Amino acid sequence: MIVGGGFGGLAAARALRRARVRATLIDRTNHHLFQPLLYQVATSMLTPGQIGSPLREIFRKQKNLTVIMGEVVGVDKDAQCVFVNSVDRARAPIHYDYLVLATGGQHSYFGHDEFEAFAPGLKDLAGAVAIRNKILTAFEQAEAEEDPTRHRDLLTFVLVGAGPTGVEMAGAIAGLVRTTLRSQFRRIDPLSTRIVLVDMGTRVLASFSEKLSAAAQKRLEKLGVEVGLGKGVDQIDAEGVIVAGERIASHTVVWTAGVKPSPAGKWLGVATDRAGRVRVQPDLSVPGHAEVFVIGDTASLDQDGKPLPGVAQVAMQQGRYVGRSIRRRVKGKREQVSRPFRYFDKGSMAVVGVGYAVLESHRLRLHGFPAWLAWAGVHLEFLAQSSLRVGVFLQWVWTYWTGDRGSQLIVAHHSTESP
Ligand SMILES: Cc1cc2nc3c(=O)[nH]c(=O)nc-3n(C[C@H](O)[C@H](O)[C@H](O)COP(=O)(O)OP(=O)(O)OC[C@H]3O[C@@H](n4cnc5c(N)ncnc54)[C@H](O)[C@@H]3O)c2cc1C
């Protein structure tokens, strides 16, 4: 039983392809989502269908795997069953022999959940489309607004959090304005858009080297992004944000700052780290239950004295490791299972506007177009289906040359009630 069809769950399921098992993959959505490109859906570059792949489609040839759409709400590890809410059933128990929990994480507003109503985060497709609607609607409202003093608030976009997602979003909004929107409006000048990126820390992309952080910041500033570092967000409301005591009036604030794990630790009733991630053994199992594994963003494991980062590569490598471990155990080769998991860090990358990225891999540090080419190649390679690779590549090239976007639609429900 694999819970979660994200990077970790998908890798585990694929590793069981040739195993003599009956596998079940449960996810609350019907698709695998390539989260690293969510910001491109939020900024109109790509359509949701270009970064989401139906799980049934991905596994149509894997005959030993059944996909169930449902939300896991609990685990009884002694009775070896998970409890699942589906369309017409609540807490239906499903038995497992081996359990892999790969349920990822969600936003953390660091104790300020009231911010969520005004500053949505980027985590799923519905959220990305909602942010796209918000950004495009702000431009539409400004074009229709007679009072020019209100244009400034409508055309100010604030991103909270200068990690990879915040930096990528800021660069992408600048690209949207410069390459696409600038020629489409008549009453407003999209180039007057204000993009503000704020963070408590003193560097953008703090997980990268100082040199690459500085290069990324310089690039953002060249694109017209205002970078406010070392400043905490005091408040977020319908009028905008208050940063270090100063109000920035804005209709569009996006939260890109924090992540918290799924409640897997609570379901299992096991020890977690301070963030709530399940403390797993070196073989990724849960203490006292060798048949229960937790992987990816919802697991906590130290390597060489440092916690493993919450990135796709960790989840994928852990998924493959666990899939292979189960395969071996089913074959009766239990002694090989105890070889501890070891993460091989291939490096990190982040995009800063069209055609520019930073890349850090061991001693290699690159920024600019060559890094962007590497970023593009790696991201295309890891999309779940080959048809998506072709579509996304063609879309990037098309947008680069023409400025036309994958989807500049505001998708909203309109009430059919008569007034
Ligand atoms: C906007 C954004 C950008 C990112 N960019 C990068 C990047 O550039 N590079 C990088 O390496 N990492 C990036 N990451 C992080 C990366 O996506 C995660 O580390 C990775 O997805 C973790 O994989 P996972 O399998 O643990 O969880 P996920 O991939 O999040 O998958 C979890 C799955 O579990 C399902 N699920 C959750 N709860 C339940 C439940 N109760 N019942 C059933 N199903 C459930 C979800 O629907 C989802 O399909 C980014 C993350 C975000 C949000």
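**A walk from a buried arginine outwards**

Arg-277 is buried, since its relative accessible area is 14% and the cut-off for that label is under 20%. This is a predicted model, so please read every value here as computed from predicted coordinates. Arg-277 makes a good place to start, and we can widen the view from there.

Where does Arg-277 lie? Look in the loop between helix H8 (264–268) and strand S19 (278–279). Gly-265 is 12 residues away from Arg-277 along the chain, and the C-alpha atoms of the two are separated by 6.5 Å. If you set aside the neighbours within four places in sequence, the contacts of Arg-277 include Pro-261, Ala-271 and Thr-272. Further along in numbering, Arg-277 also touches Asp-297, Thr-298, Ala-299 and Ser-300, together with Pro-307 and Leu-308.

One of those partners, Thr-298, is our next stop. Thr-298 sits in the loop between strand S21 (289–294) and strand S22 (299–300). Is Thr-298 buried or exposed? Its relative accessibility is 0%, so Thr-298 counts as buried. Beyond four places in sequence, Thr-298 is in contact with Pro-261, Ser-262, Ala-264, Arg-277 and Val-278, and also with Leu-101, Thr-103 and Gly-104. Pro-261 therefore appears in both contact lists, that of Arg-277 and that of Thr-298, where contact means heavy atoms within 4.5 Å. With Gly-104 there is a polar approach as well: a polar atom of the Thr-298 side chain lies 3.4 Å from the backbone oxygen of Gly-104.

Now turn to Pro-287, placed in the loop between strand S20 (285–286) and S21. Pro-287 counts as partly exposed because its relative accessibility is 44%. Leaving out residues up to four places away in sequence, Pro-287 touches Arg-279 and Gln-281. Leu-101, which we met as a contact of Thr-298, is 186 residues from Pro-287 along the chain, and their C-alpha atoms are 14 Å apart.

Two other loops deserve a look for their backbone angles. Most residues other than glycine have a negative phi. Arg-91, however, has a positive phi, near 50°. You will find Arg-91 in the loop between strand S7 (81–85) and strand S8 (92–95). At 47% relative accessibility, Arg-91 counts as partly exposed. Ala-244 likewise has a positive phi, of about 45°, without being a glycine. The loop that holds Ala-244 runs between strand S15 (240–243) and strand S16 (246–249).

Stepping back, we can take in the chain as a whole. Its secondary structure comes to 11 helices and 27 strands. How does the radius of gyration of the chain fit a compact globule? For 419 residues such a globule would have a value near 22 Å, and the chain has 22 Å, so the two agree. The C-alpha trace spans about 70 × 60 × 45 Å along its principal axes. Of the 419 residues, 52% count as buried.

Contacts give another angle on the fold. Among contacts with a separation of 6 or more, 64% join residues 24 or more positions apart. As for the surface, the chain exposes about 20300 Å², with carbon and sulfur atoms supplying 52% of it. Finally, the charged side chains number 51 positive and 39 negative, and the centres of the two sets lie 11 Å apart.

Methods. Residues are numbered from 1 along each chain as its sequence is written. This is a predicted model: local features need pLDDT of at least 70, side-chain atom pairs count only at pLDDT 80 or more; totals for chains, interfaces and linings use all residues. Side-chain values use heavy atoms; hydrogens and water are left out. Helices (H or I, at least four residues) and strands (E, at least two) are DSSP runs, numbered from the N terminus. The radius of gyration is taken over C-alpha atoms; the globule rule is 2.2 Å times the number of residues to the power 0.38. Buried means under 20% relative accessible area, exposed over 50%, partly exposed in between (1.4 Å probe, protein chains only). Accessible areas come from the Shrake-Rupley method with a 1.4 Å probe; for residues, only the protein chains shown count as cover. Lys and Arg count as positive and Asp and Glu as negative; His and the chain ends are not counted. The place of a charge is taken as NZ of Lys, CZ of Arg, CG of Asp or CD of Glu. A polar contact is a pair of N or O atoms within 3.5 Å; within protein, one must be able to donate a hydrogen and the other to accept it, and residues adjacent in sequence count only if both atoms are side-chain atoms.
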